[in-house]
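The following exercises ask you to read a structure step by step, with a worked solution after each task. Please look over the sequence and the model before you begin.

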Amino acid sequence: MTGLTVSGIAKTYRVELPREDALSALVRFFSGRSPTRLFSALENISFSLAPGAALALCGPNGSGKTTLLKVLAGITRPSGGTVSYDGKTACLLGFSSILQDRLSVKENAGLCAVFFELPGALAENAEKLMGAAGLSHLRNARTGELSTGMKLRLPFMAALLSGAGLFFIDETLAVGDAAFRAKCLAELSALKRRGAILVFATHDMELARGLADAALVLDSGRPVFLGPMGEMPEAPAAVPGAAFRSGLERYALLYEKLKAAGFSLAGSPPASDEDILLVHSRSWLDRLKANDLTPQEEKSQALPYSRQILPLSWRMAGGTLAAARTAASTGRLGVFPPGGGHHAFPDRGEGFCPVNDLAIAARVLLGEGLVKNPAVIDLDAHQGNGTAFIFSGGEVKTFSAHKAVGYPRSRVRSSMDADIPAGAADGVYLEAVKKGVKDFLELAKPDFVFALCSADAYEKDALGGLKVSIEGLRERDEFLFKTLAGLKIPVCLALGGAYGPPDDSALINFNTIMAAAGAFGHAGGVIQT
């Protein structure tokens, strides 16, 4: 058998620019041409696979996994680089298009046998496929009457029985129920043992670790990890650039929801150097001003695109400070959605957080005499290590409810921590948060709370891992704010990280703000931006 060698693959598309003015529309009308720009979908992808090896392609949506599979399978020509393999291939990309809903299961089994070039008589192959797919009893049913999972069994099994030595599979490695999924995975494992090569794209890390020998993680078409499966980052979107961009995309959606609900959006003045120096060292302030993190520092501190985000430090701290002053002066609520830099330490940024805006605002309010006993309630899925370190002396009491394992690796004990097991889901998570909040408030007796109510505990969040539903997060927030409002404790609300689908993250953030507004009678109030 032969191996697969991929060398320097690149793919560039020319993307049409929007025609937003009359002149460009006229040019398009008379010339038939539109202004375009180059879009790099893949850059410098190289790897080799020996017979019997399996490679998992990982990364967030839009990272280039499917494009790479199309290039490898010969569906799309690369702009540069080469693919070398001498043998039969089977490609499972968009294979539902093979099926015809108006034809019977038996007729579609025949189509799949022809498409994947199964050796032998057509009738026998159709029978073999229906048997392998567990669909013999439905041979005369119209395929359109089957569930999606059942109908996709036919092309999947046809590919596995095709005698190919190299398989390209996009997203779905096994279809149908648990029993059929187990059967498909057993077939794939057997093919590997016989020397077949598998290249598959997936978001399912459990499946990837069980089947793949190596992983290639893509971010915006660039390889950011290539190595043994066991050394791959905790989740494909743990690649800083991908996670950072995913988190930012929700804000425009959130602000539209807030405006439609009657809230006013107000800009905030930036914090001063003196404000930032209440928490951060002069050396770090100078680094922020110089905007000069090296690539290695960006990686170690998880501060992707630092040249874009470090200059935002003053605005980030200023927004949280403005929201905190609003809450303190009204005795109710202040909101700054982008706030929540709980991983930043005095001498460095960390985990997407260039400065610790919560700590800065707390020390400003203490210095101005607006509060006497502030506290932080941190409900981000990741432990608030920076905040805990800054206030380890006890001037501000801190509570963090987070996933027990994972990021950040280096943790600092808060005044009180709730370590929640990965995959906790609604029941375990809500019980831990409610008990923790109740116990913490009885211990700390704060006169002001900075609440960090992130969306990353969500079940579809790439980095959170706590598997909480949207309704579970809504219940969390309603409990928290009703409790604080009942105790007449003013709240500065920040929303922190979110690395799930932007629409879902925006909805969760909106629900959080509505829960806070409802508890404090803040409906239609001002949101700092």
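Two parts of the structure are said to be in contact when heavy atoms of theirs lie within 4.5 Å. The model is predicted, and the exercises should be read with that in mind.

**Exercise 1. Decide how far helix H16 is enclosed by the rest of the structure, and find what covers its buried residues.**

Step 1. A residue counts as buried when its relative accessible area is under 20%. In H16, this holds for Asp357, Leu358, Ala359, Ile360, Ala361, Ala362, Val364 and Leu365.

Step 2. Because eight of the 11 residues of H16 (residues 357-367) are buried, the helix is largely enclosed by the rest of the structure.

Step 3. The cover over these buried residues includes the helices H11 (273-277), H15 (313-330) and H17 (385-390), together with the strands E15 (448-452) and E16 (491-494).

Step 4. Just after H16 comes Gly369, which takes a positive phi of about 75°.

**Exercise 2. Classify the ring pair of Phe345 and Phe389, and describe the surroundings of its two members.**

Step 1. The count of aromatic pairs comes to six. In the pair formed by Phe345 and Phe389, the ring centres are 5.4 Å apart and the planes stand at 50°, so the pair is tilted.

Step 2. This pair links distant parts of the chain, since Phe345 belongs to the loop between strand E11 (333-336) and H16, while Phe389 belongs to helix H17, 44 residues apart.

Step 3. Phe345 is buried, with a relative accessible area of 6%, whereas Phe389 counts as partly exposed at 41%.

Step 4. Phe345 also has a charged neighbour, for Arg348 lies over the face of its ring, at 4.2 Å from the ring centre.

**Exercise 3. Place strand E3 among its partner strands, and say which way its residues point.**

Step 1. Ala54, Ala56 and Cys58 point one way from E3, while Leu55 and Leu57 point the other way, and all are buried.

Step 2. Since five of the five residues of E3 (residues 54-58) are buried, the strand is largely enclosed by the rest of the structure.

Step 3. E3 pairs with strand E7 (residues 197-201) in the parallel sense over four bridges, and in E7 the bridge partner of Leu57 is Ala201.

Step 4. Four bridges also join E3 to strand E8 (residues 214-219), again in parallel, and here Ala56 has Ala215 as its bridge partner.

**Exercise 4. Work out the order of the six-stranded sheet, and find a helix that packs on it.**

Step 1. The sheet is open, its pairing is parallel, and its strands follow the order E11-E16-E15-E12-E13-E14.

Step 2. The edge strands are E11 and E14 (416-420), each of which pairs on one side only. Neighbouring strands of the sheet are turned by 10° against each other on average, direction ignored.

Step 3. Within the sheet, strand E12 (residues 374-378) and E15 pair in the parallel sense over five bridges, and Val376 stands opposite Phe450 in E15.

Step 4. Helix H15 packs on the sheet and touches E11, E15 and E16, with a direction that makes about 165° with that of E11.

**Exercise 5. Compare the span of helix H7 with the expected value, and list its buried residues.**

Step 1. H7 (residues 178-193) has 16 residues and reaches 23 Å from its first C-alpha to its last, which is close to the 22 Å expected at 1.5 Å a residue.

Step 2. The buried residues of H7 are Phe180, Cys184, Leu188, Ala190, Leu191 and Lys192, and their cover includes E3 and E7.

How values were computed. Residues numbered from 1 in each chain as written. Predicted model: local features only at pLDDT ≥ 70, side-chain atom pairs only at ≥ 80, totals over all residues. Heavy atoms only, no water. Buried < 20%, exposed > 50% of the residue type's maximum accessible area, 1.4 Å probe, protein only. Helix = DSSP H or I, 4+ residues; strand = E, 2+ residues; numbered from the N terminus. Phe/Tyr/Trp six-rings, centres within 6.5 Å; stacked < 30°, edge-to-face > 60°. Lys NZ or Arg CZ within 6 Å of the ring centre and 35° of its normal. Pairing = 2+ DSSP bridges. Axes fitted to C-alpha atoms, helices over the stretch in contact; angles between N-to-C directions. Expected span 1.5 Å × (residues − 1).
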